[in-house]
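Work through the exercises below with the sequence and the structure side by side. Each task is followed by a solution that goes step by step.

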Amino acid sequence: MNEPTSLTAPPSTPAREPITCHVLDQTTGRPASSVSVSLTLLRPFGPSAPLTAVTSSDGRINQWDGEAGSSLTEIFENLAEHANGKMVWSLKFDTGSYFGEDRTLFPEVEVKFFVDAKSGHYHVPLLLGPWSYTTYRGS
């Protein structure tokens with residue numbers, strides 16, 4: 001007779017941050033790893049202390065570090081109740097350090113964008129070259 005087996009729930013994955021980003025290097029066609037990025041709330045109640053992260057080996061930022069343990073999810077939850085959840089955020093990418101100061105036109109790339117806290121997740125990819133860049137709202 002077979003012994004009953006206990007069913008265990010699969011390990012839970014951490015909740016996805018409301019804002020994530022991805023950097024792709026257009027000169028190599030590969031993810032841009034080790035790019036320092038800051039995320040700052042500009043409106044309302046801003047500018048805030050920036051949240052920071054560094055892109056992973058696949059060029060992604062899925063988790064932000066904040067001062068005194070403040071989390072992006074908590075900020076979103078608190079702001080959803082104010083100003084109808086409408087916000088303006090800024091992502092700053094340290095492109096000068098990534099390419100080298102003499103090998104790029106842009107010391108940093110700043111992308112400002114509107115966010116509605118009630119509209120779910122925002123993913124902001126940056127397609128980056130030393131002389132140009134483009135961005136869009138991803139999924």
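A residue is called buried when its relative accessible area is under 20%, exposed when it is over 50%, and partly exposed in between. The model used in these exercises is predicted.

**Exercise 1. Find out how many helices and strands the protein has, and in which order the elements run.**

Begin with the count: the protein has 2 helices and 9 strands. Then follow the chain from the N terminus, where the elements run β-β-β-β-β-α-β-α-β-β-β. As for confidence, the average pLDDT of the protein is 87, and 85% of the residues score at least 70. Among the elements, strand β2 (residues 30-31) has the highest mean pLDDT, 98, while α1 has the lowest, 79. Where pLDDT is low, the predicted coordinates should not be read in detail.

**Exercise 2. Work out in what order the strands of the open sheet lie, and which strands stand at the edges.**

The first step is to trace the 4 strands of the open sheet, which lie in the order β4-β3-β6-β7 with antiparallel pairing. The second step is to look at the ends of that order: β4 (51-54) and β7 (109-116) each have a single partner strand, so one side of each is left without a neighbour in the sheet. Neighbouring strands are turned against each other by 25° on average, when direction is ignored.

The third step is to take one pair in detail. Strand β6 (residues 86-93) is joined to β7 by 8 bridges, and the two run antiparallel; leucine 91, for example, has valine 111 in β7 as its bridge partner. The last step is to add the helix: α1 (residues 72-79) lies across β3 (36-43), β4, β6 and β7, and runs at about 155° to β6.

**Exercise 3. Locate the salt bridges of the structure, and decide for each partner whether it is buried or partly exposed.**

A search of the whole structure finds 2 salt bridges. One of them joins arginine 60 to aspartate 58, with the closest N and O atoms 3.7 Å apart. Aspartate 58 has a relative accessible area of 35% and is therefore partly exposed, and arginine 60, with 31%, is partly exposed as well.

In the other pair, lysine 86 forms a salt bridge with aspartate 116, and here the closest N and O atoms are 3.0 Å apart. This pair links distant parts of the chain, since lysine 86 belongs to strand β6 and aspartate 116 to strand β7, 30 residues apart. Lysine 86 has a relative accessibility of 47% and so counts as partly exposed, whereas aspartate 116, with a relative accessible area of 17%, is buried.

**Exercise 4. Place serine 119 in the chain, and state how far its C-alpha atom is from that of lysine 86.**

Serine 119 is found in the loop between β7 and β8 (122-128). With a relative accessibility of 39%, serine 119 counts as partly exposed. Although serine 119 and lysine 86 are 33 residues apart along the chain, their C-alpha atoms are separated by 9.9 Å.

**Exercise 5. Describe the protein as a whole: what share of its residues is buried, and what is its accessible surface?**

Of the 139 residues in the protein, 39% are buried. The accessible surface comes to about 8600 Å², and 51% of that surface belongs to carbon and sulfur atoms. Finally, among contacts between residues at least 6 apart in sequence, 58% join residues at least 24 apart.

Note on methods
Residues are numbered from 1 along each chain as its sequence is written. This is a predicted model: local features need pLDDT of at least 70, side-chain atom pairs count only at pLDDT 80 or more; totals for chains, interfaces and linings use all residues. Side-chain values use heavy atoms; hydrogens and water are left out. Two strands pair if DSSP finds at least two bridges between them. Axes are lines fitted to C-alpha atoms, for helices over the stretch in contact, and angles run from 0 to 180 degrees between N-to-C directions. Contact means heavy atoms within 4.5 Å. Buried means under 20% relative accessible area, exposed over 50%, partly exposed in between (1.4 Å probe, protein chains only). Accessible areas come from the Shrake-Rupley method with a 1.4 Å probe; for residues, only the protein chains shown count as cover. A salt bridge is a side-chain nitrogen of Lys or Arg within 4 Å of a carboxyl oxygen of Asp or Glu. pLDDT is the predictor's confidence in each residue, from 0 to 100.
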